[in-house]
Amino acid sequence: MSSVEEGDLVARVEGAVGVIRLNRPKAINAVTLEMFRDIDKALDRFEADPAIAVILLEGAGERGLCAGGDIRTLWESSKVNGDLGKILWREEYILNARIKTFPKPYVAFMDGIVMGGGVGLSAHASHRVVTDRTKLAMPEVGLGFFPDVGGTYLLSRSPGEIGTYFGLTGQTMNGPDAVHARFADAVVPAAKWPELREALTKVRRGVSATDVSKLINGFATGETAGPVAAKEPIIDALFGFDRMEDIFGALKRDGSEFAQATLKTLNEKSPRGMVVTLKLLRLARAASSLEECLVREYRAALEVFRSDDFREGVRAAVIDKDRNPNWSPPRIEDVTPQMLAPYLAEIGADELKFNQ
């Protein structure tokens with residue numbers, strides 16, 4: 001076994017597996033720019049090494065794979081008109097696209113909390129393992145943001161309007177619902193993970209993606225739908241619109257306990273963030289690739305970084321923790337097409353490019 005420790009990231013070889021471990025357990029492995037860079041270097045090394053058959057992504061500690069990106073540092077940069085967002089999201093999104101097309105089986109162990117940037121590192125993998133403890137979410141709309149890191153691509157490919165629901169509400173998926181929403185492939189009980197992990201380290205070079213799937217499925221429960229999947233008919237009826245005003249109208253008219261609870265949740269979110277999210281989700285449905293969605297997300301992210309809503313959302317949720325953001329504008333009906341346009345506009349020389 002050889003090991004290289006690079007700050008908050010551990011990259012090591014165990015048998016035929018190149019292990020990438022997010023190593024900030026006290027912060028639930030929140031990812032920094034340096035960690036993204038170290039992951040990219042580790043992938044370079046593992047891709048070039050013919051003795052490595054499989055990549056494994058995991059998180060240190062008991063709380064989860066990854067709680068997301070380092071939001072506080074982004075907030076501080078945004079406040080002083082800095083360029084961290086521009087740099088970090090560019091490198092992160094290019095890494096997300098690389099993971100999706102990585103030439104060796106890439107197994108993501110999505111135990112515990114998996115949010116935001118953690119979804120970008122795991123849900124584009126070829127083999128995505130969730131557990132009975134998984135709590136997966138894209139809660140960005142509550143920060144005046146939108147589900148990025150390819151989140152619009154993933155959510156737009158969930159069945160029916162399930163992805164619209166998860167993207168706009170930021171609600172949490174358990175393991176089976178993550179499989180149903182196509183964010184994961186198999187539920188493996190956390191208690192069985194050590195045995196599966198050991199079996200992975202014993203695979204031989206040249207092992208096929210199909211063989212890795214069979215190995216994982218040998219430990220899986222076979223569950224493919226959780227509590228939210230059971231509500232799919234009502235979710236499809238309430239979220240099958242292209243305007244937020246129409247979704248709000250449907251929820252108000254429905255009057256069921258589920259609709260009222262959902263309305264309460266949406267009323268806490270950034271109106272501008274919801275409108276941007278819904279537009280990006282609808283555009284993503286027609287997209288031919290993850291890269292196309294990431295280009296669009298990058299344009300929108302740079303606009304978000306300049307916005308008062310992002311700074312206010314992070315302040316209320318992460319900095320002051322008063323959970324009382326003052327959104328601008330405060331109501332859905334006040335979000336105009338003119339406000340939306342900059343999030344979708346081409347950005348010339350700053351456009352996100354792949355395979356540079």
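So, how are helix 6 and helix 10 oriented relative to each other: roughly parallel or roughly perpendicular? Before I answer, a word on what we're looking at. This is a predicted model, where local features need pLDDT of at least 70 and side-chain atom pairs count only at pLDDT 80 or more, while totals for chains, interfaces and linings use all residues. Residues are numbered from 1 along each chain as its sequence is written, and side-chain values use heavy atoms, with hydrogens and water left out.

Okay, the answer. Helix 6, residues 162–169, and helix 10, residues 232–239, pack at an angle of about 70°, with axes 8 Å apart. They are therefore roughly perpendicular to each other; that label covers 65 to 115 degrees, with under 35 being roughly parallel, over 145 roughly antiparallel and the rest oblique. The axes are lines fitted to C-alpha atoms, for helices over the stretch in contact, and angles run from 0 to 180 degrees between N-to-C directions. Helices here are DSSP runs of H or I with at least four residues, strands are E runs of at least two, and both are numbered from the N terminus.

Who makes that contact? On helix 6 it's Ile162, Thr164, Tyr165, Leu168 and Thr169, and on helix 10 it's Glu232, Ile235, Asp236 and Phe239. Contact means heavy atoms within 4.5 Å. By class, that's five nonpolar, two polar and two charged residues. For the record, nonpolar is Ala, Val, Leu, Ile, Met, Phe, Trp, Tyr, Cys and Pro, charged is Asp, Glu, Lys and Arg, and the others, Gly among them, are polar.

Let's stay on helix 6. Eight of its eight residues are buried, so helix 6 is largely enclosed by the rest of the structure. Buried means under 20% relative accessible area, exposed is over 50%, and partly exposed is in between, with a 1.4 Å probe and protein chains only. The cover over those buried residues includes helix 5 (151–156), helix 7 (175–180), helix 10, helix 11 (244–254), helix 12 (257–266) and helix 13 (271–285). Just after helix 6, have a look at glycine 170, which takes a positive phi of about 70°.

One residue of helix 13 is worth clicking on: threonine 277. It is buried, at a relative accessible area of 0%. Setting aside residues up to four places away in sequence, Thr277 touches Val141, Phe145, Phe146, Pro147, and, from helix 6, Gly167 and Leu168.

Now the core. Which residues have the most contacts inside the largest nonpolar core? Trp89 and Phe183, in a core of 97 residues. A nonpolar core here is a set of buried Ala, Val, Leu, Ile, Met, Phe, Trp, Tyr and Cys residues joined through side-chain atoms within 4.5 Å. Helix 14, residues 290–305, gives the largest share, ten residues. Beyond its neighbours within four places in sequence, Phe183 is in contact with a long list, including Met110, Val119, Leu136, Leu154 and Met173. Apart from that core lies another one, of 19 residues, with Val107, Val129, Leu200 and Val212 among them.

On to the strands. There's an open three-stranded sheet in the order 5-7-9, with parallel pairing. Pairing needs at least two DSSP bridges between two strands. Strand 5 and strand 9 (135–137) are the edges, each pairing on one side only. On average, neighbouring strands are turned by 15° against each other, direction ignored. Strand 7 (113–115) pairs with strand 9 over three bridges, and methionine 115 has alanine 137 as its bridge partner.

Elsewhere, strand 3 (17–22) and strand 4 (54–59) pair in the parallel sense over six bridges, with arginine 21 bridging to glutamate 58. Five of the six residues of strand 4 are buried.

Last stop, glycine 69, in the loop between strand 5 (64–66) and helix 2 (71–79). Is it buried or partly exposed? Glycine 69 is partly exposed, at 27% relative accessible area. Not counting neighbours within four places in sequence, Gly69 contacts Ala30, Val31 and Gly117. Its C-alpha is 9.9 Å from that of tryptophan 89, 20 residues away along the chain. And Trp89, remember, is one of the two residues with the most contacts inside the largest core.
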